[in-house]
Amino acid sequence: MEQKATSTSPTVGERKPLFYRNPMNPAITSPVPAKDEMGMDYIPVYPEDLQGGTSTTPGTVVIDPVTMQKMGVRTQKVSMKELSKEITTYGIVSTDEDGLFMVHAKFNGWVEDIKVKRTGDWVKKGEVLLYVYSPEIVTAEAEFIMALRNLSAVSEGSKEVIKDAKALLMASKKRLELFGLPDWFIEDLKKTKITKKVVPIEAPADGIVTKIRVRPKSFITPKTILYEIADLRTVWVLASFFEEELPWIKVGNRALIEIKGINKGKFEGKIDYIYPVVDKKTRTVNARIILKNPDLTIRPGMYATVTVHSAAHGEVLVIPKEAVLRTGKHEHVFVMREPGKFEPRAVSLGLEANDLVEVLKGLSHGEEVVVSGQFLIDSESSLKEAALKMMEPTANKKAGNMKMHHHMKNHASNMKD
């Protein structure tokens with residue numbers, strides 16, 4: 001920037017400035033008096049200005065009221081407030097794992113007849129899904145019928161004989177129950193005393209058939225998954241949150257959910273669980289939200305927009321985010337100690353929300369921080385610190401020369417003696 005020299009110079013007895021700085025840009029300085037492009041005089045900077053007057057804090061800046069007005073300096077008091085934040089993210093509808101059932105047989109056999117043949121069918125608890133022929137079940141049925149007949153035959157015998165016959169019947173019935181045969185099937189055996197070639201396998205709960213893994217005449221074992229059934233009257237929404245949002249997310253937070261393709265407004269739920277693992281690719285963490293779905297309109301795999309409103313616990317010390325100057329690993333602000341006098345102060349920060357930031361360390365309630373014009377003040381502060389460092393070697397050199405002078409003087413005196 002062009003500097004116009006002036007004829008102004010310090011008279012005898014006046015303080016001598018170290019340099020002159022541009023009134024609108026403190027980074028621009030001149031060793032001699034000058035004017036900027038607008039005709040404004042450069043401001044003289046004296047040694048005591050660099051030291052912040054009587055302040056002992058390095059980098060303290062003193063600015064006259066006129067310059068403060070030109071720089072647009074504004075301040076705001078440090079206050080106590082309760083921070084709150086609204087976070088909007090995406091989610092995916094998932095099956096409620098508590099309502100997901102895998103259907104197995106507890107014996108070996110061959111599928112004879114499939115009653116539920118299509119995925120998507122709704123089944124009720126206890127509804128027969130298929131019939132299976134199993135030689136071991138037929139044998140167990142025969143043993144149960146024999147135990148029934150044996151008990152009838154010894155009904156007139158001794159107490160010990162009757163007791164043994166009842167124990168045998170109970171054991172054979174228990175074996176059928178452990179194979180998973182329903183009570184009504186066992187009662188029918190008890191009445192008819194006729195073995196049945198095929199036995200039923202029932203639905204363990206109400207739900208929708210999501211997968212059928214068997215076909216007629218196929219051989220099955222206890223390891224074979226026959227059906228997958230999901231109760232979709234309750235579903236999960238897995239919402240993804242970035243790492244920096246985690247301090248705001250708590251179990252129990254209310255969530256509003258909007259699902260594409262469903263014109264029923266917003267669904268309401270609560271965060272039920274926050275998963276402990278961070279996704280390596282997206283750097284997000286999933287939170288589980290439980291939704292009621294009585295009419296089955298919400299389907300697993302749908303995309304959802306999730307909005308969570310969260311508040312910090314209790315009031316905390318806050319300042320505007322615009323007051324913070326971030327320099328690499330550190331943050332600092334400028335505190336107005338008195339009108340026109342600004343002191344740099346290192347701070348430790350916490351949560352951020354709604355243009356406010358929590359102050360963990362460095363400030364007290366009621367102090368005033370600069371929220372506008374602090375970048376110009378910071379430039380001036382940095383210049384003062386740099387100038388002080390430049391002055392230190394000169395001072396040290398003078399002190400060293402003085403010390404050497406006294407040493408030589410003493411040495412000469414000794415030589416005369």
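Buried here means under 20% relative accessible area. Keep that cut-off at hand for this tour of a predicted model.

**Stop 1: Phe241**

Select Phe241. You are in strand E18, which covers residues 234–242. Phe241 has 1% relative accessibility, so it counts as buried. Now show what surrounds Phe241. Beyond its neighbours within four places in sequence, Phe241 is in contact with Ile87, Thr89, Ile249, Arg283, Thr284, Val285, Ala287 and Val308. Add Tyr90 to the selection. Tyr90 and Phe241 are 151 residues apart along the chain, yet their C-alpha atoms are separated by 8.4 Å.

**Stop 2: Ser240**

Step back to Ser240, also in strand E18. Is Ser240 buried or exposed? Its relative accessible area is 9%, so Ser240 is buried. Leaving out residues up to four places away in sequence, Ser240 touches Thr89, Tyr90, Thr284, Val285 and Asn286. Thr89, Thr284 and Val285 should look familiar: they are among the contacts of Phe241.

**Stop 3: Trp248**

Move on to Trp248. It is found in the loop between E18 and strand E19, the latter spanning 254–259. Loop or not, Trp248 counts as buried, because its relative accessibility is 2%. Draw a distance from Trp248 to Ala311, C-alpha to C-alpha. You should read 7.2 Å, for residues 63 apart along the chain.

**Stop 4: helix H5**

Select residues 183–192, helix H5. Colour Phe185, Ile186 and Leu189, which are buried. Look down the helix axis: the buried residues of H5 fall within an arc of 100°, so they line one face of the helix. The general rule helps here. An α-helix has 3.6 residues a turn, so residues three or four places apart point the same way.

What do the buried residues of H5 pack against? Show helix H3 (135–153), helix H4 (159–178) and strand E14 (198–202); these are the partners. Now turn to the other side of H5. Asp183 and Lys191 are exposed there. Just after the helix, click Lys193, which takes a positive phi of about 55°.

**Stop 5: aromatic rings**

Stay in H5 and show the rings. The aromatic pairs come to five in total. One of them joins Trp184 and Phe185, edge-to-face, with 6.0 Å centre to centre and 80° between the planes. Compare the two partners. Phe185 is buried, because its relative accessibility is 3%. Trp184, at 44%, counts as partly exposed.

Next, select Trp110, Tyr133 and Phe219. These three form one aromatic cluster. Add Lys197, which lies over the face of Tyr133, at 5.9 Å from the ring centre. For another charge over a ring, go to Trp236. Arg288 lies over the face of Trp236, at 4.6 Å from the ring centre.

**Stop 6: a three-stranded sheet**

Finish with the open sheet of three strands. Its order is E3-E2-E5, and the pairing is antiparallel. Which strands stand at the edges? They are E3 (29–30) and E5 (43–45). Each has a single partner strand, so one side of each is left without a neighbour in the sheet.

Zoom in on strand E2, residues 19–21. Two bridges join E2 to E3, and the two run antiparallel. Strands of a sheet pair through backbone hydrogen bonds, so turn on the backbone display. For a last selection, take Arg21: it stands opposite Thr29 in E3.

How values were computed. Residues are numbered from 1 along each chain as its sequence is written. This is a predicted model: local features need pLDDT of at least 70, side-chain atom pairs count only at pLDDT 80 or more; totals for chains, interfaces and linings use all residues. Side-chain values use heavy atoms; hydrogens and water are left out. Helices (H or I, at least four residues) and strands (E, at least two) are DSSP runs, numbered from the N terminus. Buried means under 20% relative accessible area, exposed over 50%, partly exposed in between (1.4 Å probe, protein chains only). Contact means heavy atoms within 4.5 Å. Rings of Phe, Tyr and Trp (its six-membered ring) pair if their centres lie within 6.5 Å; planes under 30 degrees apart count as stacked, over 60 as edge-to-face and the rest as tilted. A charge sits over a ring if NZ of Lys or CZ of Arg is within 6 Å of the ring centre and within 35 degrees of the ring normal. Two strands pair if DSSP finds at least two bridges between them. The arc is that of the directions from the helix axis to the C-beta atoms.
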